[in-house]
Every structure is written in C-alpha cells, then in structure tokens.
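Work through the exercises below with the sequence and the coordinates open. Each task is followed by its solution.

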Amino acid sequence: MTRTVYVNGKYLPENEATVSIFDRGFLFADGVYEVTSVLDGKLIDFDGHAKRLARSLGELGMRNPIETEDLLEVHRELVRANNIIEGLIYLQITRGAAADRDFTYPSDDTPPTLVLFTQNKPGLADSPMAKVGIKVISIEDQRWARRDIKTVQLLYPSMGKMMAKAAGCDDAWMVEDGAVTEGTSNNAYIVKGGKIITRHLSNDILHGITRAAVLRFAREAQMEVEERAFTVAEAQDADEAFFTSASAFVMPVVELDGAAIGTGAPGPVATRLREIYLDESRKVAI
Ligand code: PMP
C-alpha cells in the first residue's frame with residue numbers, strides 16, 4: 001500500500017515525497033524527531049511529545065516550523081488518510097537545506113524541513129513479545145553527551161541493536177561508568193523488593209515520555225519508585241526488569257548478558273504496569 005506522508009506542508013504519496021541532498025538532516029544529522037503511538041486510531045501522549053519536540057528544538061537553536069495545534073491536525077490527518085488503528089507516527093524536523101554543504105548553520109531564512117509518516121502496526125498493544133519478555137546484552141555507551149535531546153543521530157543505537165542481534169538477543173542496554181544509562185531506544189528499569197528503580201533524569205538519557213507516564217501511574221498505584229543509576233550486576237540480581245518506550249509501551253526484560261532475571265519470565269510489576277499504562281493512556285488518547 002502506498003502511504004500518504006507529509007513533507008513541508010504537503011500530503012503526498014510516499015514515492016513522490018522528496019528532500020534535498022543538501023538537507024542538514026542528511027549531511028550532518030542536524031535534526032530532531034519524535035515517535036507517537038496510535039491506539040484505537042487515537043494519539044497517545046501527543047502533548048508530551050509536542051513539548052519534548054519544542055525542548056529539543058530549543059536546545060539546538062532550531063526554529064519550530066509548525067504550531068502545536070497544526071501539528072496535531074497533521075498527525076490526525078495522516079492517521080485518517082492511512083487508516084491507522086494501531087501504529088506509530090514518525091516526525092522529523094531538520095535545520096533545512098542550505099545552498100551548499102557548510103558546517104556553520106544557514107541563515108534564519110532557510111526553512112526547516114518537516115516530515116511525518118505513519119507506520120501501521122496491527123497488534124502493537126497485544127504484543128506476543130510482552131508475554132514472553134525480551135533478552136538484552138550490555139554494551140558500552142559510546143553516544144554523545146547530550147542524549148536528552150532527541151536527535152536523529154542514531155548510528156550507535158543501530159550498532160547496538162546489531163550487536164544484540166549477533167548475540168541472539170533483542171536489544172542492548174548501554175553502560176557508562178559502571179551504570180546502565182538506557183536501552184538503545186528505550187528507558188531501562190529494574191524491580192527489587194517491590195521497588196521500581198530507574199536512572200534519574202539528566203543529560204545522560206532521553207527523558208522518555210512513556211517513562212514520565214509510567215512513573216506517575218506507578219506512584220498513583222502506591223508502588224515505590226527510586227530514580228537512581230543501577231549496575232548490570234544489580235540488574236542481573238533483580239526480581240524483574242523492563243523497559244519503556246512509545247513504540248513498545250512497557251516491555252519485560254527477562255535476560256541480561258545470558259543471566260536470567262528473576263524467574264526468567266515477565267514479572268508481576270512489569271505486567272501490571274503495562275496493563276495500567278495501556279488502560280490509562282487509551283482513556284486520555286486524542
Ligand atoms: N531512550 C532512548 C535512547 C530512546 O530512543 C527512546 C525512544 N525514542 C526512549 C528512551 C523512550 O522515550 P519515549 O518513551 O518518549 O518513546
């Protein structure tokens with residue numbers, strides 16, 4: 001099926017959508033992105049993603065080419081046009097196409113590039129992976145130091161996924177100074193003695209929109225939450241582990257570097273948090 005995508009104000013068939021070879025996203029990874037999930041044909045946590053987008057743009061001194069209400073309308077139109085019931089909407093903004101390749105930023109009259117497309121994912125909420133859990137390896141975190149900005153420089157996370165695949169696993173958790181930072185495309189958690197432990201917010205990790213929601217729901221459900229760094233050894237010795245992201249929601253992790261975590265099956269805390277997250281998010285989806 002040919003998707004309808006959005007490029008700089010126009011809705012186009014995907015095979016007619018183009019971006020310049022001089023686009024700074026292409027040449028310098030000078031761009032930011034967001035991924036918003038769709039359940040029941042509605043957007044999950046759109047406001048959170050829009051706010052983080054504005055923050056990422058601000059941190060990079062990049063102009064926001066679209067008002068939030070117009071952005072919402074573009075998301076909704078793409079959901080309608082592509083008949084998405086469950087899936088994802090990918091959004092990318094770059095600093096635009098300058099006249100030539102040049103490290104310095106182009107002048108303010110260079111319009112940013114804005115691209116959105118949908119990914120149809122039937123069965124996203126009822127994921128078979130969530131029932132068995134996933135296996136991760138640990139790798140050194142070799143990314144840059146501003147991981148709080150959601151940039152499109154995703155080469156190291158891609159390498160990490162390939163390292164995981166080569167090891168017969170599903171994902172990699174990255175480690176810096178002896179502690180887990182986050183997954184290649186998700187935030188990492190362990191559960192010990194009923195307490196949910198996840199790394200505190202800083203420039204070292206992306207401030208996950210799903211993380212914020214899940215921690216809020218956990219606290220509302222009287223679960224204890226501790227925001228601090230944890231080690232691989234601590235994770236291997238935990239009762240449970242899981243990760244969160246907009247595309248996987250809450251995903252149990254059952255093995256780390258070949259060692260089973262807890263019983264080696266999805267634990268009750270991760271399973272319960274996934275249910276709460278999906279239920280509560282559906283209620284307020286727009
Ligand atoms: N950390 C990283 C490195 C990510 O790429 C992502 C997903 N984009 C997350 C965390 C999770 O963020 P969110 O819950 O907003 O999808």
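**Exercise 1: polar contacts of the ligand**

Task: find which side chain has an N or O atom 2.6 Å from a nitrogen atom of the ligand.

Solution. The side chain is that of Glu182; a polar contact is a pair of N or O atoms within 3.5 Å. Next, take the ligand oxygen atoms: a polar side-chain atom of Arg52 lies 2.8 Å from one oxygen atom, and a polar backbone atom of Ala246 is 2.8 Å from an oxygen atom of the ligand. Finally, turn to area: the ligand alone exposes 390 Å², of which the protein buries 92% (Shrake-Rupley method, 1.4 Å probe).

The model is predicted, with local features needing pLDDT of at least 70 and side-chain atom pairs pLDDT 80 or more, while totals for chains, interfaces and linings use all residues. Residues are numbered from 1 along each chain as its sequence is written, and side-chain values use heavy atoms, without hydrogens and water.

**Exercise 2: the shell**

Task: how many residues surround the ligand, and of which classes?

Solution. Count residues with a heavy atom within 4 Å: 18 surround the ligand, Arg52, Lys150, Glu182, Ile209 and Thr210 being the closest. Then sort by class: four are nonpolar, ten polar and four charged, with Gly counted as polar.

Technical notes: Polar contact = N/O pair within 3.5 Å; in protein donor to acceptor, adjacent residues only side chain to side chain.
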